[in-house]
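The following questions and answers work through one protein model, from its overall layout down to a group of aromatic side chains.

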Amino acid sequence: MAAVSCRCSSVVFVGNVSYRATEGELRDACEEIGPVESLRLAVDEDAGNRRRGFAFVEYLDDETARSACRNLDRRALRGRALRVDLADLGCGGGRGETDQPVGVEDATHAASLVNGAPPSAAVTAYLAGLNRRQLRETVDAVEAQGDAAVEEMKRAYGGLATLLEQARILLDMADADAAAAAAKRKKRGARDHHHGREAQLASKLRKLNDGKPSTSMAFVL
């Protein structure tokens, strides 16, 4: 079972998702734990939106996300055991910032999610020192060589395949954090706007009430 720590996150990483599983089936499995705010299946846009076998799921709160880690990890879906862990390693949302290194914690976490043999410590340390923009540039520079050349490079350099996968996972983690943070800002803005409208209405009602203190139609707030 995935280790659950005090990391502050309402977003979970769901790996080892069968390519035969539909988004609805994955959502249904995740909603057995609690309401799902959002679910994003990772796809490779350069390969015709081919699914990459993992997803990011946002729950309403941290507690529900931790429950998903405890109760969904190793859960069978379409013949494959899901791998579930918290996606956000920090409470500050720094991973979504393009100018900050991803850090050792995030890089190590991403390494644990790579399929097959884990990346070397040297690769993890190298990626930990890169920021989001540099990760994107690294992946793009390799993939720009074309599929045939990339496959040849993978055969020539044994660790390249895991490096690319680890870098992609880090990028997806950053994208998921940024999307979750944007959604929360949008909700907070809508809530603040609603409260502002309520305050304006209350102010108007008080003025009406103050203007007609003796009538039976006076408002009582």
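Q: Which pattern does the protein follow when read along the sequence?
A: This is a predicted model, in which local features need pLDDT of at least 70, side-chain atom pairs count only at pLDDT 80 or more, and totals for chains, interfaces and linings use all residues. Residues are numbered from 1 along each chain as its sequence is written, and side-chain values use heavy atoms, with hydrogens and water left out. The protein holds 7 helices and 6 strands, where helices (H or I, at least four residues) and strands (E, at least two) are DSSP runs numbered from the N terminus. Read along the sequence, the pattern is β-α-β-β-α-β-β-β-α-α-α-α-α.

Q: What is the order of the strands in the open sheet of 4 strands?
A: The pairing in this sheet is antiparallel, two strands being paired if DSSP finds at least two bridges between them. β2 (36-44) and β6 (83-86) each have a single partner strand and stand at the edges, so one side of each is left without a neighbour in the sheet. The order is β2-β3-β1-β6.

Q: Which residue in β3 is the bridge partner of S38?
A: β2 and β3 (residues 50-59) run antiparallel and are joined by 7 bridges. In β3, the bridge partner of S38 is E58.

Q: What angle does helix α2 make with β6?
A: Helix α2 spans residues 62-72 and lies across β1, β3 and β6. Axes are lines fitted to C-alpha atoms, for helices over the stretch in contact (heavy atoms within 4.5 Å), and angles run from 0 to 180 degrees between N-to-C directions. On this basis, helix α2 runs relative to β6 at about 155°.

Q: How many residues apart in sequence are the parts that the pair of F13 and F56 ties together?
A: The structure holds 3 aromatic pairs, meaning rings of Phe, Tyr and Trp (its six-membered ring) with centres within 6.5 Å, where planes under 30 degrees apart count as stacked, over 60 as edge-to-face and the rest as tilted. F13 and F56 form an edge-to-face pair, 5.5 Å centre to centre with 70° between the planes. Because F13 lies in strand β1 and F56 in strand β3, the parts tied together are apart in sequence by 43 residues.

Q: What is the relative accessible area of F54?
A: F54 forms one aromatic cluster with F13 and F56. Buried means under 20% relative accessible area, exposed over 50%, and partly exposed in between (1.4 Å probe, protein chains only). F56 is buried at 3% relative accessibility, and F54 is buried with a relative accessible area of 7%.
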